[in-house]
Amino acid sequence: MDLLSLQRTRAIRTPPPAARPQINGPRIVGVRPDSPFQYYIPVTGVRPIVLEVSELPSGLHFNPKTATIQGRTSEPGHHKVVITGRNVEGQHTRELTIVVGDGLALTPTMGWSSWNCFNAKIDQELILNQAQAMVTTGLIDHGWTYINIDDGWQGGRDADGRIQGGANFPDLRALGDAIHGLGLKFGIYSSPGPKTCAGFEGSFRHEAQDAQSYAEWGVDFLKHDWCTAQILARVRRLGGYTALLPDRERAEVAALGVEIDTLKAAGISDQDSEFKNLLERRLAIVLKQTTASERLPIDLAIEQAPYRLMGEALRRQGRDIVYNLCNYGQWNVWQWGPQVHAHSWRTTGDILDSWESVEKIGFSQNGLEVWSAPGRWNDPDMLEIGNQNLTPDECFTHMTLWCILAAPLLIGCDLTSMDAFTLSVFSNDEVLAINQDPLGRQGNRVFLRGQIEVWRKPLMDGMTAIAVFNRGEEVADVDIAWADLHLNDQVSIRDCWRQRDLPQLAAGLKTRVQAHSAELFRVGKS
Ligand code: GAL
């Protein structure tokens with residue numbers, strides 16, 4: 001082992017899983033009446049493990065061969081299902097609430113996405129290899145579920161306008177089946193514009209058809225981007241703002257030359273610089289003549305329309321498709337995402353594989369917690385853990401922050417070549433349980449002391465998750481009085497990363513935090 005690998009192995013905090021069974025994953029899942037339901041039961045412990053499931057609503061059954069609950073149910077309500085796992089070492093029983101109703105993504109989405117490490121250089125075999133690695137690495141048994149293809153899978157459309165996979169994706173339905181066969185779920189990507197961000201075919205004017213194709217392929221998740229929808233939105237805004245102007249200015253805008261539609265009719269594309277220049281000149285005029293508050297309802301309606309179109313199309317399918325918006329947080333998307341039927345929305349631009357990017361994006365989320373709840377999550381973008389540039393301490397910060405934020409967790413590294421450290425960061429059930437807590441509250445900052453930030457997240461059982469971050473360049477000893485956390489003195493302290501209880505302290509919490517690192521605790525009445 002070289003020195004770097006040795007250092008990374010030494011940095012591991014997560015203890016190996018116990019030998020006796022431990023059921024992991026979310027404690028609550030949503031399904032719409034009569035939609036196909038598939039839930040693989042994540043469980044660690046020495047094999048063989050015999051699983052038993054009772055109290056299932058009618059229409060759902062447990063398949064012990066695949067460790068999966070499946071079927072369709074039309075019984076609405078909260079169904080408390082009891083799951084027991086047994087092996088030679090012991091047994092574990094846990095309740096899973098299946099909510100049959102309108103809500104999906106009742107805990108943040110956990111899975112993998114191709115973009116951060118492969119960009120558009122993907123193919124069907126690569127995706128399937130990643131899905132298989134999700135199983136062979138054991139990540140599936142910690143609750144990791146979705147295998148999401150990002151940009152780069154699309155070919156053209158057939159004579160009837162139906163979207164096709166490119167030569168690199170010859171059979172998307174077979175891929176969906178294979179992913180489901182592994183106990184996982186299948187995600188895909190598109191854009192409301194004519195082209196996606198990487199220049200592939202988008203869903204513009206084909207929303208209903210695309211939603212139907214996704215359902216036929218067995219898609220469970222859609223990330224809907226923005227990119228070329230931007231120019232369409234600007235054209236529509238110009239129209240909307242111009243209508244606000246008095247006659248004289250309206251004529252001035254029109255007099256600017258050829259109408260945009262004429263340009264289009266002449267075959268000049270909306271990506272063309274002549275088109276863009278004209279658009280910008282006309283926009284500059286109307287911006288001067290109108291106020292932001294006059295424009296806001298127009299802006300919002302224009303931004304929401306394409307997302308609503310796809311959201312409604314997805315809802316019409318006979319399967320549940322979790323819907324993620326990717327407009328980079330424009331127009332305060334967190335305020336209206338649910339109105340267009342989305343379950344999560346990106347709050348920022350793209351994350352990069354660097355400490356600066358993770359830090360800038362992650363810590364900027366404070367304040368957005370009021371907009372997050374089960375089925376409506378703020379998404380600060382996919383994880384960079386396991387790629388080239390983050391140190392082990394920075395990986396602890398990244399994971400701790402995304403868990404305290406109740407952010408969707410989408411791994412962005414190559415699952416087939418993770419080292420032991422990376423795998424350990426993704427396999428810590430106590431850390432993941434903070435992210436997946438059924439109360440679904442996004443944490444926020446309670447105080448800032450120099451480079452030290454303390455964040456907290458209330459949990460379902462009345463306990464509180466406390467994260468201590470050191471954004472500085474030096475190791476720090478941090479002392480936090482219970483009063484600072486609005487807690488009284490009789491609290492138990494659990495170190496989540498190392499999965500061990502710490503001695504109770506009357507005064508508060510004391511911890512050492514390495515530079516760029518984080519610690520995560522679960523505190524409350526013992
Ligand atoms: C960006 C998006 C990325 C990725 C990329 C694909 O707009 O933020 O996460 O999906 O497009 O082209």
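This report walks through the domains, a domain interface, the ligand site and a few backbone and salt-bridge details of a predicted model.

## Domain layout

The chain splits into three domains. Domain 1 covers 22-100, and domain 3 covers 444-525. Domain 2 comes in two pieces, 110-227 and 306-346. Measure from centre to centre over C-alpha atoms, and domain 1 sits 26 Å from domain 2. Where these two meet, domain 1 puts in 15 residues and domain 2 puts in 14.

## Where domains 1 and 2 meet

Together, domain 1 and domain 2 bury about 1,100 Å², with 41% of that on carbon and sulfur atoms. On the domain 1 side, three residues do a lot of the work: Arg32, Gln38 and Tyr40 account for 54% of the area that domain 1 buries against domain 2, and no other three residues supply as much.

There's plenty of polar pairing here too. The interface has 12 residue pairs in polar contact, counting pairs with both residues at pLDDT 80 or more. If you want to trace the domain 1 face by element, look at strand S2 (28-31), strand S3 (37-40) and strand S4 (43-44), which each give two or more residues to the side touching domain 2. By residue class, that side of domain 1 has six nonpolar, six polar and three charged residues. As for salt bridges, two run across the interface of domain 1 and domain 2.

## Around Arg47 and Asp34

Arg47 is worth a stop. Its salt-bridge partner is Asp141, and the closest N and O atoms of the two are 3.3 Å apart. Arg47 also leads into a cis peptide bond: the one to Pro48 has omega near -5 degrees. You'll find Pro48 in the loop between S4 and strand S5 (50-54).

Another backbone detail turns up at Asp34, in the loop between S2 and S3. Asp34 isn't a glycine, yet its phi is positive, near 70 degrees. For context, most residues other than glycine have a negative phi, and most peptide bonds are trans.

## The ligand site

The ligand has 13 residues around it. Which of them come nearest? They are Asp150, Asp151, Lys223, Tyr328 and Asp350.

Three side chains can be followed down to polar atoms. For Lys223, a side-chain N or O atom is 2.8 Å from an oxygen atom of the ligand. Asp225 has a polar side-chain atom 2.9 Å from a ligand oxygen, and Tyr328 likewise places a polar side-chain atom 2.9 Å from an oxygen atom of the ligand.

## Salt bridges in the whole structure

Overall, the structure holds 29 salt bridges. One of them joins Asp220 to Arg319, with 2.6 Å between the closest N and O atoms. This pair ties together distant parts of the chain, 99 residues apart. Asp220 is in the loop between helix H5 (207-217) and strand S15 (221-224), while Arg319 is in the loop between helix H10 (292-315) and strand S16 (322-325).

Conventions: Residues numbered from 1 in each chain as written. Heavy atoms only, no water. Domains from an automatic or database assignment. Contact = heavy atoms within 4.5 Å. Buried area = accessible area lost by both parts, 1.4 Å probe. Salt bridge = Lys/Arg side-chain N within 4 Å of Asp/Glu carboxyl O. Polar contact = N/O pair within 3.5 Å; in protein donor to acceptor, adjacent residues only side chain to side chain. Helix = DSSP H or I, 4+ residues; strand = E, 2+ residues; numbered from the N terminus. Nonpolar A, V, L, I, M, F, W, Y, C, P; charged D, E, K, R; others polar. Near = heavy atom within 4 Å.
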